[in-house]
Amino acid sequence: MRGVLRNALLMMAGCAALAAAASADEHEHRARVPMLKAYVQECSGCHIAFPPRMLPAASWQRVMAGLATHYGSDASLDTATVNQISVWLNANAGTGRRVREAPPEDRITRSDWFLRKHHEVAPGVFLRPSIRSAANCAACHAGAERGDYDDDGVRIPR
Ligand code: HEC
Ligand code: HEC
């Protein structure tokens, strides 16, 4: 009896490990890394600090090279800070199949995977006054600031 129970438990553990591996592969863009202090300080004033894995290195490079004309804002920083953040973004950029290609305008919100994951959200919803933009992740993802985009944490405000 004990042996049977132990085997059952081992099997369950094996399944959980497999499931975890599959889900890590499926949602590579979700993986969390500790945030660089300078990145949080300088890049979360106007929007949340987007997870570095959600864009490829080429996109981050362009974003960091063009901070003076940043999506209609001036987000410029001194050279040393730009370099520090760039190196870190480069090292932690997305490399998975889904994230490898630079999206239009180097926007996470225009990536294929993003559009696919949000296909149920009608375009008008993103423009509600409570949301304003698809880039306002935290409006709907309560855990966005912690890098948690799990679908069970999603709540679309009216
Ligand atoms: C002065 C305000 C400001 C600062 C500081 C700022 N940003 Fe932005 N950022 C914006 C605005 C405005 C947008 C466009 C948001 C929108 O379309 O809703 C944007 C958009 C983005 C996007 C594209 C989001 C999308 O649509 O997928 C990325 C990536 C980004 N910022 C990265 C950064 C990084 C990296 C830093 C730090 C070096 C930074 N931002 C600092 C204002 C800022
Ligand atoms: C208008 C609300 C809204 C905004 C804004 C929004 N999302 Fe989402 N997001 C959703 C919904 C709804 C889903 C689908 C949840 C489901 O599948 O049940 C989703 C799904 C996701 C998923 C897949 C989660 C999973 O478990 O499969 C990711 C990753 C994600 N969003 C990231 C982002 C990022 C990054 C931003 C900002 C750049 C963002 N979202 C902005 C509503 C939003």
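Is His118 buried or exposed? I started my notebook with that one, keeping in mind that this is a predicted model.

**Entry 1: the histidines at the iron**

I looked up His118 and found a relative accessibility of 18%, so it counts as buried, the cut-off being under 20%. Next I checked His141, which comes out at 12% relative accessibility and therefore counts as buried too.

I then asked which protein atoms serve as donors to the iron atom of ligand 2. They are NE2 of His118 and NE2 of His141, lying 1.9 to 2.0 Å from the iron. The pair brings together distant parts of the chain, 23 residues apart: I found His118 in the loop between H5 and helix H6 (123-126), and His141 in the segment after H6.

For the geometry, I noted 6 donor atoms around the iron atom of ligand 2. Their angles run from 89 to 180 degrees, so the arrangement is octahedral.

**Entry 2: Asp106**

My next stop was Asp106, in the loop between helix H4 (79-92) and helix H5 (112-117). I read a relative accessible area of 10% for Asp106, so I put this residue down as buried.

What does the side chain of Asp106 make polar contacts with? I found one with the side chain of Ser59, at 2.7 Å, and one with the side chain of Arg62, at 2.8 Å.

I also listed the contacts of Asp106, setting aside neighbours within four places in sequence. Besides Ser59 and Arg62, the list holds Leu55, Val63 and Tyr71.

Technical notes:
Residues numbered from 1 in each chain as written. Chains lettered and ligands numbered in written order. Predicted model: local features only at pLDDT ≥ 70, side-chain atom pairs only at ≥ 80, totals over all residues. Heavy atoms only, no water. Helix = DSSP H or I, 4+ residues; strand = E, 2+ residues; numbered from the N terminus. Buried < 20%, exposed > 50% of the residue type's maximum accessible area, 1.4 Å probe, protein only. Polar contact = N/O pair within 3.5 Å; in protein donor to acceptor, adjacent residues only side chain to side chain. Contact = heavy atoms within 4.5 Å. Donors = N, O, S within 2.8 Å, 3.2 Å for Na, K, Ca; no water. Tetrahedral: all angles 85-135°; square planar, octahedral: opposite > 155°, others 65-115°.
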